[in-house]
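Trainee: I am new to this structure and would like a close look at one part of it, the nonpolar core. Could you walk me through it and then show me what lies around it?

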Amino acid sequence: MQITGQIYEPYDFTLSVKNNFPTEATFNIEVIPCNTNTKLQTKNLFCVNSIVKIKKDETVMVPFVFFPFALESHKFQILFKDPKVGEFQYDLTGLVDMPQVTP
């Protein structure tokens, strides 16, 4: 998945998440920055709720905030873990634009 935000501006978005496991699960959400550039290892992606409960075959919208501080692409792994059911991940790339300047 790919998103685009403006530098120094928070960008709110939702991620559509489906529980494909055969039972209801309570997932802990962990965001891991994956950039090789050490300057970008700061956390620029935040999950509004760190825990989400999803019924079997249900899809929910999980809110996130992308807040970029550098004009480079940012890569993240978003892990959804339930120790009783299993885990899965989404890979996300955050692109950064310059802010809109009005005369």
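Mentor: Happy to; here is the setting, then the core, then some of its surroundings.

Please keep in mind that this is a predicted model, where local features need pLDDT of at least 70, side-chain atom pairs count only at pLDDT 80 or more, and totals for chains, interfaces and linings use all residues. Residues are numbered from 1 along each chain as its sequence is written, and side-chain values use heavy atoms, with hydrogens and water left out.

Let us start with the whole chain. It has zero helices and eight strands, where helices (H or I, at least four residues) and strands (E, at least two) are DSSP runs numbered from the N terminus. Read from that end, the order is β-β-β-β-β-β-β-β. Along the principal axes, the C-alpha atoms fill a box of roughly 55 × 30 × 20 Å. The chain has 103 residues, and 34% of them count as buried; buried means under 20% relative accessible area, exposed over 50%, and partly exposed in between, with a 1.4 Å probe and protein chains only. Take the contacts (heavy atoms within 4.5 Å) between residues at least 6 apart in sequence: 69% of them join residues at least 24 apart.

Now to the part you asked about. A nonpolar core is a set of buried Ala, Val, Leu, Ile, Met, Phe, Trp, Tyr and Cys residues joined through side-chain atoms within 4.5 Å. The largest one here has 22 residues, and those with the most contacts inside it are Ile29, Leu45, Val52, Val62, Phe64, Ile78 and Phe80. Two or more residues each come from strand 2 (11-18), strand 3 (25-33), strand 4 (45-47), strand 5 (51-54), strand 6 (59-66), strand 7 (74-82) and strand 8 (86-97). As background, nonpolar side chains tend to be buried together in soluble globular proteins.

Two members of that core are worth a visit. Val52 is found in strand 5 and is buried, with a relative accessible area of 15%. Leaving out neighbours within four places in sequence, Val52 is in contact with Ala25, Thr26, Phe27, Ile29, Val60, Val62 and Phe80. Val52 and Asn28 are 24 residues apart in sequence, yet 6.7 Å separate their C-alpha atoms in space.

Phe80 is the second. With neighbours within four places again set aside, its contacts include Leu15, Val17, Phe27, Ile29, Val52, Val62, Phe88 and Tyr90. Phe80 also belongs to one aromatic cluster with Phe21, Phe27, Phe88 and Tyr90.

That brings us to the rings. Rings of Phe, Tyr and Trp (its six-membered ring) pair if their centres lie within 6.5 Å; planes under 30 degrees apart count as stacked, over 60 as edge-to-face and the rest as tilted. The whole structure has twelve such aromatic pairs. In one of them, Tyr8 and Phe69 have ring centres 6.4 Å apart and planes at 50°, so the pair is tilted. Tyr8 sits in the loop between strand 1 and strand 2 and Phe69 in the loop between strand 6 and strand 7, so this pair ties together parts that are 61 residues apart in sequence. Phe69 also pairs with Phe67: their ring centres are 4.8 Å apart and their planes at 25°, so this pair is stacked. Phe69 is partly exposed at 42% relative accessible area, and Phe67 is partly exposed at 25%.

Tyr8 itself is exposed, at 53% relative accessibility, and has a positive phi of about 65° although it is not a glycine. Asp57, in the loop between strand 5 and strand 6, also has a positive phi, near 60°, and is partly exposed at 47% relative accessibility. For background, most residues other than glycine have a negative phi.

Finally, look at Asn44, in the loop between strand 3 and strand 4. Asn44 counts as buried, at 0% relative accessibility. Not counting residues up to four places away in sequence, Asn44 touches Val65, Phe66, Phe67, Pro68, Phe69, His74 and Phe76. The side chains of Asn44 and His74 are joined by a polar contact of 3.4 Å, a term for a pair of N or O atoms within 3.5 Å; within protein, one must be able to donate a hydrogen and the other to accept it, and residues adjacent in sequence count only if both atoms are side-chain atoms.
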